[in-house]
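Visitor: I should like to take a close look at a single part of this structure. Please guide me through it step by step.

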Amino acid sequence: MTVDPTGPGDDSAPIARGATGSVTGMVARGGGSMVLARLLRTLLTVLGMLVLARLLTPADFGIVAITNTLTVLSLVILEGAIDFPTLRRDALSRDAAQSMIWIALLFLVPFAAVIYAVAPAIEAALGFPDLGWALRGVIPVFFLQVFFVSGGAILRRQHRFKAAALVSVGSVGVYMSLAVGLAILDHGVWSIIIAQNIALLVTAIVLARLASISLRWPRRLSFAAVGRVGAYGASSRVLAWFWSSIDTIAVGVVLGPAAVGLYARAYNISLQLKEPFTALDGPTRQAMVAVRNRDGNLVAPAVQMLRLLTIVTAAAAALCVVLRQSIVLILLGDQWQASAAALAILVLGLPARIGLMFFDGLAATAGSMPNMMLRHALLCGVVGSGVFLAAPHGIVAVAAVVSGAMYVALLLPARAAERALTGGRLLLLSAMVPGLLLGAALLAIGEIVLVPLAAGNLLAALAIVLPVYGVIAVLIGLALPNSWLPGALPARRATLLRRFGAAPQIQTRG
């Protein structure tokens, strides 16, 4: 394990950064570990979902969905106030990191007190039995998240992506094992709440040790440690929380706990599809900072990376929409089929979700935090007003508002600093067009040609769709221009083709 040379004995020296290289090399090294971890986490989550969906009721998941809106709110505040400054500031000392931790803990005390006090009123307003105690039950999670976020941020700053990845997989493993075991013992919704607390406690302890974090009071408590970057980061993440959580709240208020349970399961499955791409965000941001410092702009790598991300996400979205009923049947069971249509609509927003995440990374790299906040404020307005209008028409209408709003938010123009660094929003949006067109074509092939061949048999749909899309994916990979592929991928593709005698004459970039 790599040891930080500025360990707990040297509070004034900057916390070391990991060695930097090319953007593609760093993304490949760090992103490989993080993507693999996300895939393993997704697998563990899906396996747990297979069991929990058959042991708990939609109403139970409705209560969990509402409690999760609060734990996610505390998490995004901490990510903005701690994660953003830790990754962005070149000179970050141990003492400054301790200041951020204690500022976060002091902030959470009144936050938790308010939640404890108003929990019964929230239960009465929504009409969810046992919601009040469930809300109080997740309060310890708020404080444990401080060490989860700060420890993970320091490991990523040091480019210790493998360690961060291993901890994240272990955390989900502990959580899912406990949740399933308690659910089998018939503890209902408390199975998930207790498992969350125990798993996060274990994770926080491990991360604190790996990142040399302690609970000692800093030599000088300074709000400058959070600074402008942290303030903007926290504000933007709160806005992101609002537009990504208000749909669940709207469904709960208008349609009740069972409906919010159905919607939340569909939303959760769509988020699991996003997980491998989210894993690239941390390594990508670190690599973008390195390239910005080296070359002064990010135009070429930003266009290349966004184009590939859109191709992959649009293809994945098309596949999942075509197989929506099979996915729900396998993951949740027949009693959850009412969520399949909402799942399809939410999955259609995947390319926009990843695009927005990528734009946020570019804005943070360019120091254009106000534009990131404006983008999330736009989403708050569109989603916040739209979901309450849509909720009386059902969860499919709510899903349509959410996915549509994300595509609208992509159109927000970039500010001057971001334009100078990336070439402007129009250039980046044009990079997304090939992927979106490909996704539309794959969706049409699936819905018009492949689904009718299955004749309503959900398992037959898997047997038909997966092989066809697999062949199409291979053909797409072979047909992509060399200029669209990063790093050594063109040369490796050419070597592979020559090995099979397919294209000995293929030219590669130097």
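In which helix does Tyr 116 lie?

Guide: Please bear in mind that the model is predicted. Tyr 116 belongs to helix H3, which covers residues 94-126. With a relative accessible area of 42%, Tyr 116 is partly exposed, because this value falls between the cut-offs of 20% for buried and 50% for exposed. Tyr 116 also helps to make a nonpolar surface patch of about 670 Å², together with Trp 133, Val 174, Trp 190, Ile 194, Ile 198, Val 202 and Val 206. The most is given to this patch by helix H7 (residues 190-210), with 5 residues.

Phe 142 may be set beside Tyr 116. Phe 142 is found in helix H5, which spans residues 139-157. Its relative accessible area is 0%, so Phe 142 is counted as buried, the cut-off being under 20%. Beyond its neighbours within four places in sequence, Phe 142 is in contact with Leu 70, Thr 71, Ser 74, Leu 78, Leu 108, Phe 111, Ala 112 and Ile 115. One of these contacts, Leu 108, is 34 residues away along the chain, yet the C-alpha atoms of Phe 142 and Leu 108 are separated by 7.1 Å.

The whole chain gives the setting for these two residues. The protein chain has 20 helices and 0 strands, and 57% of its 510 residues count as buried. Its accessible surface comes to about 20700 Å², with 70% of that area belonging to carbon and sulfur atoms. Of the contacts between residues at least 6 apart in sequence, 81% join residues at least 24 apart.

Terms used. Residues are numbered from 1 along each chain as its sequence is written. This is a predicted model: local features need pLDDT of at least 70, side-chain atom pairs count only at pLDDT 80 or more; totals for chains, interfaces and linings use all residues. Side-chain values use heavy atoms; hydrogens and water are left out. Helices (H or I, at least four residues) and strands (E, at least two) are DSSP runs, numbered from the N terminus. Buried means under 20% relative accessible area, exposed over 50%, partly exposed in between (1.4 Å probe, protein chains only). Contact means heavy atoms within 4.5 Å. Accessible areas come from the Shrake-Rupley method with a 1.4 Å probe; for residues, only the protein chains shown count as cover. Patches are made of residues with over 30% relative accessible area and no salt bridge: like charges are joined within 9 Å, nonpolar side chains (Val, Leu, Ile, Met, Phe, Trp, Tyr) within 5 Å. A salt bridge is a side-chain nitrogen of Lys or Arg within 4 Å of a carboxyl oxygen of Asp or Glu.
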